[in-house]
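User: Please take a close look at one part of this model, the neighbourhood of a single loop residue. Please then follow the strands around it and set it beside other sites in the chain.

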Amino acid sequence: MSSALDSLLDLLDLERIEQDIFRGTSRSAVVPRVFGGQVAAQALVAAGRTVPADRTAHSLHSYFLRMGDPGAPIVYSVDRIRDGRSFTTRRVVAVQHGQPIFHLSASFQTYEEGLEHQAAMPPAPDPETLPTAAQMLPRYADRFSDPGVVDRLIEARAAVDLRYVDAPPFGTVGKPREPRSQVWFRTNGKLADDPLLHVCMATYVSDMTLLDSVLLAHGRGGWTVGDVVGASLDHAMWFHRPFRADEWLLYDQESPSASGGRGLGQARIYTQDGRLAITVIQEGVVRVPRG
């Protein structure tokens, strides 16, 4: 296991300060705010720790309310909304400096048999044939006005092996293309067999690239290039089938719409053997800087 993955696991191991109140810290990000995937994953950890072990997460719906301060702790307060025969619902509010910065609702379910079908996995190359972030990112160093961006991007992704199938948005600036992107990802090391951990790790990664397809449609390079400004607004996930975040997962992403200073990304995450594991939808602010 890499030291970066150890550090990320420590980040997700929240401190319990009351029965349903938890405290987390943050790690440095590419931009000077708390990474949205981190706060979403930590909130899901908090919710999951109040749920019986035989119930696994099947969906989450969340809103990003305020920019998080990476230098301050985040307090997660869990509200036990419902404990039913099959389903358990939790609401989590993340607070910093006395104000809510994030809100999550999550639902958990006991396993049961049922009807079964899924969308087919799209074609994608073998992830082992694609360059790692450390191999790929330096190729685009000239696209960033800040020379430190490449190092920060590599550091931010050191815990996760994330490989682009095609060039990322900052690799094709000024060349609009189909609003669709694919990445393969897995953690840089094995994880314990706790299903909640794998779900939370996938939640963490899901916020890294989902709005890329919005940028591709307009030939924009992204936040690190500086030709757009933006932030996540809301994020929803449905967990369909068991998976492991330490095994290759295909993140197939597209953008059906952008309007009103917002862009929508939707995606499906498949296991390497073709099982549909997760559906993800996110809307974010995507604005062209003025003057």
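Analyst: **The loop residue and its surroundings**

Leaving aside residues up to four places away in sequence, D20 touches T50, Y76, S77, V78 and R80. The model is a predicted one. D20 is placed in the loop between β1 (15-18) and β2 (21-24). This residue counts as buried because its relative accessibility is 17%, and the cut-off for buried is under 20%.

The loop belongs to a hairpin, in which two residues join β1 to β2. The two strands run antiparallel and are linked by three bridges. One of these pairings sets R16 against F22, its bridge partner in β2.

β2 also pairs with strand β4, residues 74-83, in the antiparallel sense, here over four bridges. In this pairing G24 stands opposite I74 of β4. Among the contacts of D20, residues Y76, S77, V78 and R80 fall within the range of β4. The loop residue thus touches the strand with which β2 pairs.

The side chains along β2 alternate: F22 and G24 point to one face and are buried, whereas I21 and R23 point to the other and are not. Such alternation between the two faces of the sheet is what a regular strand shows.

**A second hairpin for comparison**

Strand β5 (residues 87-96) pairs with β6 in the antiparallel sense over 10 bridges, and R91 stands opposite S105 in β6. Two residues lie between the strands of this hairpin. H97 is in the loop between β5 and β6; this residue has a positive phi of about 50 degrees although it is not a glycine. H97 is exposed, because its relative accessible area is 61% and the cut-off for exposed is over 50%. The loop residue D20, by contrast, is buried at 17%.

β6, residues 99-110, has a further antiparallel pairing with strand β3, residues 55-64, over nine bridges. Here the bridge partner of Y63 in β6 is H103.

**A buried histidine that touches β3**

H235 is found in strand β9, residues 229-239, and is buried, with a relative accessible area of 2%. Beyond residues up to four places away in sequence, its contacts include L60, H61, S62 and F64, which fall within the range of β3. V280, I281 and Q282 are also among the residues that H235 touches. With Q282, the side chain of H235 forms a polar contact of 2.8 Å.

H235 touches S206 and D207 as well, and these two lie within the range of helix α5, residues 195-209. The C-alpha atoms of H235 and D207 are 8.3 Å apart, with 28 residues of chain separating the two positions. Helix α5 is mostly covered, since 14 of its 15 residues are buried. D194 caps the N-terminal end of this helix, with a side-chain oxygen 3.1 Å from the backbone nitrogen of L196.

**Enclosed space**

The count gives one cavity of 30 Å³ or more. The largest cavity has a volume of about 50 Å³. Strand β8, residues 180-187, gives the most to its lining, with three residues. The lining includes R180, S181 and Q182, together with Y164, D166 and L216 among others. By class, it comprises five nonpolar, two polar and three charged residues.

How values were computed. Residues numbered from 1 in each chain as written. Predicted model: local features only at pLDDT ≥ 70, side-chain atom pairs only at ≥ 80, totals over all residues. Heavy atoms only, no water. Pairing = 2+ DSSP bridges. 1 Å grid on protein atoms, 1.4 Å probe; cavity = no way out; pocket = protein on both sides within 12 Å on 5 of 7 lines; lining within 4 Å. Points joined across faces, edges and corners; volume = space filled by probe spheres on them. Nonpolar A, V, L, I, M, F, W, Y, C, P; charged D, E, K, R; others polar. Buried < 20%, exposed > 50% of the residue type's maximum accessible area, 1.4 Å probe, protein only. Contact = heavy atoms within 4.5 Å. Polar contact = N/O pair within 3.5 Å; in protein donor to acceptor, adjacent residues only side chain to side chain.
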